[in-house]
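User: I'd like to go through the binding site of this model with you. Can you bring it up?

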Amino acid sequence: MKITIKNKEEINKMRVAGKLAAEVLEMITPFVVPGVSTGELDDICYKYITEVQKSIPANVGYRGYEKTICSSVNQVICHGIPDKNKILKNGDILNIDVTVIKDGWHGDTSKMFLVGKCQPHNERLVKITQECLYKAIEIVKPGAYLGDIGNIIQKHAESNYYSVVEDYCGHGIGTVYHEEPQVLHYGNPNTGIQLKEGMCFTIEPMINQGSKYTKSLSDGWTVETKDGRNSAQWEHTLAVTNDGVEVLTKRSEESI
Ligand code: MF3
Ligand code: CO
Ligand code: CO
């Protein structure tokens, strides 16, 4: 399959789906406190998407996944499965990743949460990872290369003594959840395909305190750091405009 270009009306629908996904993260924020379980957070998001937003939680049934959110705590890089027995404790760092389908179109986004009072090294990981995403978003415009995105993320991560996960990447998105192109979070400037107006894709860097290597757990989903050190991730869904970028999953707390 080729990279799809979305027209104005299609981008309008992506904007609706993106906004709904962003609103799930805004809605769930006050519930993320020490003592809550990731399973409870998942239930709240499921009810909100289906009953309030009258939308579809894209993860449910996706390749056999059964939950609405991915909830990735501390050394979990991505695809952590919500669980009533997984109670958040003071000092944890948590990623919640959610995708909403509205009118057939997808919005995919994730953010990090500092649970209670976190150690400075964890706060720093979360902050630098968000900066990696923002720096990448800033350079998105027609004519920019996918390699420019990977390079700016890698440079910011490595200059802060972190590593970039290479085993998972961002992706094109539209009526299909994961489509071309693959958006790598490392790479070289002026390499890969050039961006065009109407392309929609995610950028979702996963940045590790230790080495870049990953391991998958026997549950078939959870991905952890091989060395057991912590990892952070932030994700937005973007549309390339005629002269730059629109962040379709922007939350109201953000000024991007
Ligand atoms: N939302 C994830 C992504 O950013 C994919 C999750 S798939 C699931 O692409 F099945 F694990 F939910
Ligand atoms: Co994604
Ligand atoms: Co996601």
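User: How many residues surround ligand 1, and which are the closest?
Analyst: Bearing in mind that this is a predicted model, ligand 1 is surrounded by 14 residues, and the closest of them are Asn-59, Tyr-177, His-178, Glu-204 and Glu-235.

User: And what is the make-up of that shell, in terms of nonpolar, polar and charged residues?
Analyst: The shell around ligand 1 consists of five nonpolar, five polar and four charged residues.

User: Which polar side-chain atoms lie by its oxygen and nitrogen atoms?
Analyst: For the oxygen atoms of ligand 1, a side-chain N or O atom of His-178 is 2.7 Å from one, and a polar side-chain atom of His-171 is 3.1 Å from one. On the nitrogen side, a polar side-chain atom of Tyr-177 lies 2.8 Å from a nitrogen atom of ligand 1.

User: How much of the ligand's accessible area does the protein cover?
Analyst: Ligand 1 has 340 Å² of accessible area on its own, and the protein covers 96% of that; the space that ligand 1 takes is the largest pocket.

User: Switching to the metals, what are the protein donors of the cobalt ion, ligand 2?
Analyst: They are Asp-108 through OD, His-171 through NE2, and Glu-204 and Glu-235 each through OE, at 2.0 to 2.2 Å from the ion. Along the chain, the donors follow the spacing D-x62-H-x32-E-x30-E.

User: What about the geometry there?
Analyst: The site of ligand 2 is irregular, with angles of 51 to 161 degrees among its six donor atoms.

User: And which residue coordinates both cobalt ions?
Analyst: Asp-108 does, coordinating ligand 2 as well as the cobalt ion that is ligand 3, and the two ions are 3.3 Å apart.

Terms used. Residues numbered from 1 in each chain as written. Chains lettered and ligands numbered in written order. Predicted model: local features only at pLDDT ≥ 70, side-chain atom pairs only at ≥ 80, totals over all residues. Heavy atoms only, no water. Near = heavy atom within 4 Å. Polar contact = N/O pair within 3.5 Å; in protein donor to acceptor, adjacent residues only side chain to side chain. Areas by Shrake-Rupley, 256 points an atom, 1.4 Å probe, with all protein chains shown as cover. 1 Å grid on protein atoms, 1.4 Å probe; cavity = no way out; pocket = protein on both sides within 12 Å on 5 of 7 lines; lining within 4 Å. Sits in = over half its atoms within 2 Å of the grid points. Nonpolar A, V, L, I, M, F, W, Y, C, P; charged D, E, K, R; others polar. Donors = N, O, S within 2.8 Å, 3.2 Å for Na, K, Ca; no water. Tetrahedral: all angles 85-135°; square planar, octahedral: opposite > 155°, others 65-115°.
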